[in-house]
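Trainee: Before we go through this chain, could you show me how each label is earned, setting the value beside the definition that it has to meet?

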Amino acid sequence: MLPVQNPHNTNTPDYGTEHYAPARQPLVANFGISHEEAAHRLLEIWTAQNQLERLDWNARQELEAEEARQEQQEDNKRLRIQKEEAARQEERKKNHNKFLPFNDVKVASTVPITPSPHALRKLWKGEYVELHYFTNKGLAEAQSISHSVDDEALALLQDEQGLHSFVPIAAAKAKETVIPDHELTWPQIDEATFCLLQAMKECGWEEDRVNAHLQFWMNLSVHEWRHDPEDAARQALIVYQAMYRRRWHDTLGTLSSFNLKYLDEEALIKIKFKITSKIHAAITSQAKEVST
């Protein structure tokens, strides 16, 4: 067992004093020696024991010093690794293109076309995005703009609330050509929905939200009006999907929120009636102009 105190600092006891008389007495009685000789032998025993304690103490101090050095080296190593990792992360942020992954496969026969960065940013935020960005036309526009415009260039743009802000020119150009959802054709909607659903998954949308949108468009595509000979019926479905998909976004987190997959037949009838009324009004107005 190691001494509690440093044996190098222990004072040498004076065994010749009266204080140590009880310690000397057994030696005097058993070995027939004088008190002076007994004191000398006690001192020799103490000195030998102290020497052993000093050796143990020194060994322990060296071991603790070595452990401290190793611990310091480990701390320095961890700190160096953390600094190197922080530097790598900063490098990845500044020049992320250098670290983008690639698949160890042969090149595809066709080059995939991705939506515009503006549309993807809105999807990552969970915001409403027009279907136009995911139609064949919208994808082609995104491809052409991305190759012709500097990603760093900015333009001043006014948002829906009338606020002005600087946005990438590519995003500004993309917004200039956007066709509103209610003005799309059914072929364009069919083009866009698959691509949009795939992009929603890649942007981390919850599965139940993606499934709700999938069921929403499936229910519209199999609706009896989808192939109705009357244009107003087919147009009503288009207007409905535009109106209610945006409303779904606007009511998220409120008591008015709802599941897209449940179609509102009454709303569809009202929308169809309005469209039919506009068509009849336009025909009547045109007939009056012709007669005049």
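What follows is a conversation about the labels given to parts of this predicted model.

Trainee: What makes up the chain, and in which order do the elements come along the sequence?

Mentor: The chain has nine helices and two strands, and read along the sequence they follow the pattern α-α-α-α-β-β-α-α-α-α-α.

Trainee: Why are Ala-21, Arg-24, Leu-27 and Val-28 called buried, and how do you know that they line one face of helix α1?

Mentor: Buried means under 20% relative accessible area, and these four are the residues of α1, which spans residues 21-31, that count as buried. Seen down the axis of α1, its buried residues fall within an arc of 125°, so they line one face of the helix. Exposed means over 50%, and the exposed residues Pro-22, Ala-29 and Asn-30 sit on the face of α1 turned away from its buried side.

Trainee: What covers the buried residues of α1, and what follows this helix?

Mentor: The cover includes α2, residues 35-94, where contact means heavy atoms within 4.5 Å. Gly-32 follows α1, and its phi is positive, near 65°.

Trainee: Why is the stretch 58-96 called a "coiled-coil region"?

Mentor: That name comes from the UniProt annotation, in an unreviewed entry, which covers residues 58-96, and such annotations may be inferred rather than shown by experiment. In the model, the chain over residues 58-96 is 95% helix and 0% strand, with the end C-alpha atoms 55 Å apart.

Trainee: What makes a set of residues a nonpolar core, and which residues touch the most other members of the largest one?

Mentor: The members must be buried residues of the nonpolar kinds, such as Leu, Phe, Trp and Tyr, joined through side-chain atoms within 4.5 Å. The largest such core has 37 residues, of which Leu-123, Phe-134, Trp-217 and Tyr-240 touch the most other members. Helices α3, α6, α7, α8 and α9 each supply at least two residues of this core, and α8 gives the most, with nine residues.

Trainee: Which residues does Tyr-240 touch, leaving aside those up to four places away in sequence?

Mentor: Tyr-240 touches Phe-216, Leu-220, Arg-245, Tyr-262, Leu-263, Asp-264, Ala-267, Leu-268 and Ile-271. A second, separate core has eight residues, among them Tyr-15, Ile-33, Ala-39 and Trp-46.

Trainee: How much of the whole chain counts as buried?

Mentor: Of its 292 residues, 29% count as buried, while the chain exposes about 20600 Å², of which carbon and sulfur atoms supply 54%.

Definitions and conventions: Residues numbered from 1 in each chain as written. Predicted model: local features only at pLDDT ≥ 70, side-chain atom pairs only at ≥ 80, totals over all residues. Heavy atoms only, no water. Buried < 20%, exposed > 50% of the residue type's maximum accessible area, 1.4 Å probe, protein only. Arc of directions from axis to C-beta. Areas by Shrake-Rupley, 256 points an atom, 1.4 Å probe, with all protein chains shown as cover.
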